[in-house]
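This report considers how parts of a protein model fit against one another. Please keep the sequence and the structure in view while reading.

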Amino acid sequence: MTPAAATPRAYLRAQSRWSPIEIAFWLATLTSYLFFPDYLSLGSQIAIAALFALSLDLILGYAGIVSLGHAAFFGTGAYAAGLFSKYVWGEPFSGLLIGGAAAALIGYASSLIIARFRHLTRIMLTLGIGLLLAEVANSAHDITGGSDGLQGMRIWPLLGFFKFDLYGKVAYGYALIVLFAVFVLARRLIHSPFGLALRGIRENWVRMPAIGASRASHIRKIYTISAGIAGIAGAVLAQTTQTVSLEAIGFGRSADVLVMLVLGGAGRLYGGIIGAIIFMVARDQFSGVAPQYWYFWIGLLLIGVVTLMPNGILGGLSALQARWRGR
Amino acid sequence: MFGPVAGVLFDGFAYGMLLFVLSVGLSVTLGLMNFVNLAHCAFAMLGGYVAVLVTNELGWPFFAALPLAFIGAAAVSVLLERTLYRRLYRASDLDQVLLTIGIVFVSVAVAAYLFGTTQQPVDVPAYLRGSISFAGVRFASYRLFLIVVALLIAVMLVLGLEHTRFGAQVRAAVDNQRMAAGLGINVELVFAVAFALGSGLAGLGGALAVEVVGLDPYFGFTYLIFVLIVVSVGGLGSIAGTFAAAALIGIVDIAGKYYAPELGAFLIYLVMVAVLMWRPAGLIGRRQ
Amino acid sequence: MQSVKLFAAGLVAAVMGMGAANAQNAVKIGVILPYSGQFADTGNQVDAGIKLYMKQHGDSVGGKKLEIIRKDVGGIAPDVAKRLAQELVVRDKVDIIAGFVLTPNAIAASSVVQEAKKLMVIMNAATSIITTKSDYSVRTSLTLPMVADTLATWAVKKGGVKKSYTMVSDYGPGLDSEAAFQSAFKAAGGEIVGSVRMAVANPDFSAYIQRAKDLNPESIFVFVPAGSQPAAIGKAFAERGIDTKKVKVMSTGEFTDDSALKQSGDAALGVISAWNYDHNHDSAMNKAFVEAYRKDNAGANPNFLVVGGYDGMHVIYEALKKTAGKTDGDSLVAAAKGMKWESPRGPMMIDPETRDVVENIYIRRVEKIGSTLGNVEFDKFENVKDPVKAAMKK
């Protein structure tokens, strides 16, 4: 057991050092170009899902907010980026920022409602807001294209040079870069006093105001940030597939991301990423081999993880690791 | 003008009554056990399929199918409670949500495997189809039947809670679990029986619902949203609350579609968000 | 962390081993359908049509063996559909892509086939604009505007109906049918007395029907998606006292599909629908087709989904025969254009200009056939084309 760090800052710095496994992981993602050249489209969608799961982790794993409607922000970002490319211009990075900003705005508005409640009430409110926004997207079909999806998006080549191609090479690189950049930022956020305060709110709701941490404003902040990141993920999806449809904002996507995060393990920064990889790869395999059984196995897996490995796969692995070290 | 309004109100109330039967079980178990059981509508689906099997394959009358649906759902719930649910009584909201969603997923796959993905009809006696005319308004017979059944169930539940020993034990356990256990009440048994009752009611609701809304393997998901809305608006653990919320949601939904169809789907979500913001514990709920 | 990476790598390696390289003399067809999820029913039915055709006509054409690679899109998921199409082209090296029940998926895949220059056969998705999204797509099902337009024209000219109230579900296909029905109805001289758009996930229709009843219309046009809604609204009509003998209830074929009729029971008697196929269609070819289908599918009856898959395969087979085995997109599309043949539904053709389907639309009424309910054809419109694209040309 490492001795307690002398100052809070040193503690935080020690927590946020990059471990060799982490570095190896990120380098490994680049090797997909070499080893899995035919799977790059899947890779880009995994990266998008991972980013989305990461955004959910910020509110679920770190602030303890269970949300059944997080796709509302993903979809808002996707539609915002899509409409931006259709009516204004198709430069990808600016579209990304527009998507993130639009989602963050909606996130902030929602947080004004969400921050005041707890337990079932809060879960139902997140569900209700998600369903409302999905209905809005459907009703505004003149703008969003409704159930046929948004048509007429025009995405310019990345940096004026890299066109989004059939093999998904550019899409994968783009999604990966965005994922990594946001990941680094999220990592800094978590390993900061703000991040510690969030964990405090999650662990002991009642105590935090006693030590001067404002619960509501912290929750509003993290909810807005999380919504913005979800919006960026949605924007990347819109730009790499050049279409947006209602399922980007629907309940199915909210449920999927929750499952992914729990599979990997919430509150562990990498949980969303690992969960996304496993979920998406498994679903892709099932789609070719035995699609009817997908629901069965994912249901069983979920039941298994919750009863046997309550902290997800990463939690289970770290428990194993702890046992190995003979603690 | 009285005619159409009365008709719309009647239909909305009947729809609300169906929601009541589907939701009351969840309200009681949520309030009693504080367990977020999102698989509640999967039990309803089970009841629906039992009714389909009994009336179509076995050819038994519809009224025999209803109690069988109740018993079937209750039996399966006991099994699941013994094996899975009791491990997570002290677990977090999230874990309970995920366990029960996993159960719904499995139920979808099993239902699709056993019954296929097409809609299943249930064989309802002819006198329950069609409608009765009264004072110039048409009342659908099946909806009248739904209202009668729901009212019967509501009365039985309230009487049961107020006038039986078991009911007193349930009320004690809802109010203060620890004290109730301290007084010698077998809280675990109370939980198990209440849960079986609640799930059985869900099964009954499912069997009743088939004639109105159809049945397919996704029933567990489709109606979950409506049930959750009713339960959270009504207040956990309250039968009167669930009744009021169900009637409110049913009437608001139908009236909304009649008077302002452009708002159609939004209305109940707006109502839910508004009620929850005004009274977070529901209309007749208690603070957690 | 390591164990997870190993697991993922192993899984992928196993799959790559499974998808081993194939003989040069095979024609690969990638089929993208919803085999799981809420639309699994529709996906399985299209697939049954594909299987039946291949069983009847063998699995090789012109000396080349046909290989079908099935991919599950899971429902409405255009990003997944686009990725699956990309993977089929890049990884599995397919020559033809087929399937598509849902419009957003078909549109997303169109950009892939356009770039890869592969023939795409749309076996069900029914929105007009889909075939305009790529020069390589061909459709063998129908478009909703075709049907709504024909029904409206029939209603005024032959059905003796001058006024109508429309009720459609508030989403893409519903809005398309509403627009097509209303414009054709008015063009033929009729009057639309009112309309309502209904919430998509709607279990209870009584409020909407009461609105219609308030206006006491001569006829009502209905469009709801297949599933539980047709029966629900059919029963609601009966409950609210709408007598099909006094008020003409008109709809598209999904409303009077076999499973919907089973659930609505006698409430559906007298409903008039327009559609491209019914298993009761009176032709020798259809009777044989229905019998063969029943044998392989536990007595179930084929419907428009099955026949869409069946005819889609027909187009592929005949196009391959015409190009003498050449599988590039340009040759196959050129061979498919103008193709005419007799299908179980009646005569049909692939329009050389729009690459869309041209077929008969039948007007049917729900009647008792023996002890069950079925659609009885009593009128037809021949060589119907999609009106939306025809209007776009002008």
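How much area do chain A and chain C bury between them, and what percentage of it is on carbon and sulfur atoms? In this predicted model, the two chains bury about 3700 Å² between them, with 62% of that area on carbon and sulfur atoms. On the chain A side, Y39(A), D148(A) and L166(A) lose the most area to chain C, and together they account for 18% of what that side buries. The contact draws 41 residues from chain A and 44 residues from chain C.

Two salt bridges are found across the interface of chain A and chain C. One of them joins D284(A) to R83(C), where the closest N and O atoms are 3.0 Å apart. In addition, 10 residue pairs are in polar contact between chain A and chain C, both residues of each pair having pLDDT 80 or more.

Several helices of chain A each supply at least two residues of the side that touches chain C, namely α2 (20-30), α4 (40-62), α11 (215-241), α13 (271-289) and α15 (312-324). The largest share, eight residues, comes from α13(A). Sorted by class, this side of chain A has 19 nonpolar, 16 polar and six charged residues.

A second contact lies within chain C. The domain assignment divides chain C into domain 1 (2-142 + 285-355) and domain 2 (145-275 + 361-393). Taken over C-alpha atoms, the centres of these two domains are separated by 30 Å. Domain 1 of chain C gives 16 residues to the contact and domain 2 of chain C gives 15 residues.

The table sets out the area buried in each contact.

| Contact | Buried area | Share on carbon and sulfur atoms |
|---|---|---|
| Chain A and chain C | about 3700 Å² | 62% |
| Domain 1 and domain 2 of chain C | about 1200 Å² | 57% |

Which residues of domain 1 of chain C lose the most area to domain 2 of chain C? They are S128(C), L142(C) and F304(C), which together make up 42% of what the domain 1 side buries.

Between the two domains of chain C the count is one salt bridge. The side chains of D351(C) and K385(C) meet in a salt bridge at 3.5 Å, N to O. Five residue pairs are in polar contact between these domains, both residues at pLDDT 80 or more. The side of domain 1 of chain C that touches domain 2 of chain C consists of four nonpolar, eight polar and four charged residues.

Note on methods:
Residues numbered from 1 in each chain as written. Chains lettered and ligands numbered in written order. Predicted model: local features only at pLDDT ≥ 70, side-chain atom pairs only at ≥ 80, totals over all residues. Heavy atoms only, no water. Domains from an automatic or database assignment. Contact = heavy atoms within 4.5 Å. Buried area = accessible area lost by both parts, 1.4 Å probe. Salt bridge = Lys/Arg side-chain N within 4 Å of Asp/Glu carboxyl O. Polar contact = N/O pair within 3.5 Å; in protein donor to acceptor, adjacent residues only side chain to side chain. Nonpolar A, V, L, I, M, F, W, Y, C, P; charged D, E, K, R; others polar. Helix = DSSP H or I, 4+ residues; strand = E, 2+ residues; numbered from the N terminus.
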